[in-house]
Amino acid sequence: MGGKFSDDQKAVYEAVLAALQAVEGEMKEGTPWIDMQTKTYEIILTGLKGVGLLKGEVADMVSANLGAVFMPHGLGHMLGIDTHDCGGYPDW
């Protein structure tokens, strides 16, 4: 694309950036991972809805785990002792 985002690419970039900044701003010791994962999905889905890429209620999208379509590995990719640690998945 000649070094320029399309409108849809820009919307995705801005949604991911907003989620990153929000999580970085709220991260602190004792904050449950799932709270940050949920916030990330809410922000990304809200951003995509805001530009017409998604329709419906964001809360319903989160409940349906639609965020996983766009971020299948989840927040932080669950890196730890093993390259692909399991666990921490919400019970949506």
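Val12 is partly exposed, with 39% relative accessible area. Its place is in helix H1. The model described here is predicted. The protein has four helices and zero strands. From the N terminus on, the order of elements is α-α-α-α.

**Overall build**

- Of the 92 residues in the protein, 22% are buried.
- The accessible surface of the protein comes to about 6,400 Å². Carbon and sulfur atoms account for 57% of that surface.
- Take the contacts between residues at least 6 apart in sequence: 49% of them join residues at least 24 apart.

**Val12 and its distant partner**

- Val12 and Leu53 are 41 residues apart along the chain. Their C-alpha atoms are separated by 9.5 Å.

**Nonpolar core**

- The largest nonpolar core has ten residues in all. They are Ala19, Tyr41, Ile44, Leu45, Leu48, Leu54, Val58, Met61, Val62 and Met71.
- Two elements, H2 and helix H3 (58-63), give two or more residues each to this core.
- H2 gives the most to this core, with four residues.

**Thr40**

- Thr40 sits in helix H2, which spans residues 33-50.
- Is Thr40 buried or exposed? Thr40 counts as buried, because its relative accessibility is 3% and the cut-off for buried is under 20%.
- Leaving out residues up to four places away in sequence, Thr40 touches Ala19, Val23, Met71 and Leu75.
- Two of these contacts, Ala19 and Met71, also belong to the largest nonpolar core.

**Salt bridges**

- The structure has two salt bridges.
- One joins the side chains of Lys10 and Glu14, at 3.9 Å from N to O. The cut-off for such a pair is 4 Å.
- Lys10 and Glu14 both lie in helix H1, residues 7-26. They are four residues apart, about one turn of the helix.
- Lys10 is partly exposed at 42% relative accessibility. Glu14 is partly exposed too, at 43%.
- The other salt bridge joins the side chains of Lys39 and Glu26, at 3.3 Å from N to O.
- This pair links distant parts of the chain, with Lys39 in helix H2 and Glu26 in helix H1, 13 residues apart.
- Glu26 has a relative accessible area of 38%, so Glu26 counts as partly exposed.

**Aromatic pair and nonpolar patch**

- The structure holds one aromatic pair.
- How are the rings of Phe5 and Tyr13 placed? Their centres are 5.2 Å apart and their planes meet at 35 degrees, so the pair is tilted.
- The tilted class covers planes that are neither under 30 degrees apart nor over 60.
- Tyr13 is partly exposed, at 44% relative accessibility.
- Phe5 and Tyr13 also help make a nonpolar surface patch, together with Leu17 and Leu20. The patch measures about 390 Å².
- Leu17 lies in helix H1. Its relative accessible area is 30%, so Leu17 counts as partly exposed.

**Loop residues**

- Asn65 is found in the loop between H3 and helix H4 (67-70).
- What is unusual about the backbone of Asn65? Asn65 has a positive phi of about 60 degrees although it is not a glycine.
- Asn65 is partly exposed, with a relative accessible area of 32%.
- Gly56 is found in the loop between H2 and H3.
- Gly56 is partly exposed, with 37% relative accessible area.
- Beyond its neighbours within four places in sequence, Gly56 is in contact with Lys49 and Met61. Met61 is one of the residues of the largest nonpolar core.
- Gly56 and Thr46 lie ten residues apart in sequence. In space, their C-alpha atoms are 9.9 Å apart.

Methods
Residues numbered from 1 in each chain as written. Predicted model: local features only at pLDDT ≥ 70, side-chain atom pairs only at ≥ 80, totals over all residues. Heavy atoms only, no water. Buried < 20%, exposed > 50% of the residue type's maximum accessible area, 1.4 Å probe, protein only. Contact = heavy atoms within 4.5 Å. Areas by Shrake-Rupley, 256 points an atom, 1.4 Å probe, with all protein chains shown as cover. Phe/Tyr/Trp six-rings, centres within 6.5 Å; stacked < 30°, edge-to-face > 60°. Patch = residues over 30% accessible without salt bridge, like charges linked within 9 Å, V, L, I, M, F, W, Y side chains within 5 Å. Core = buried A, V, L, I, M, F, W, Y, C linked by side-chain atoms within 4.5 Å.
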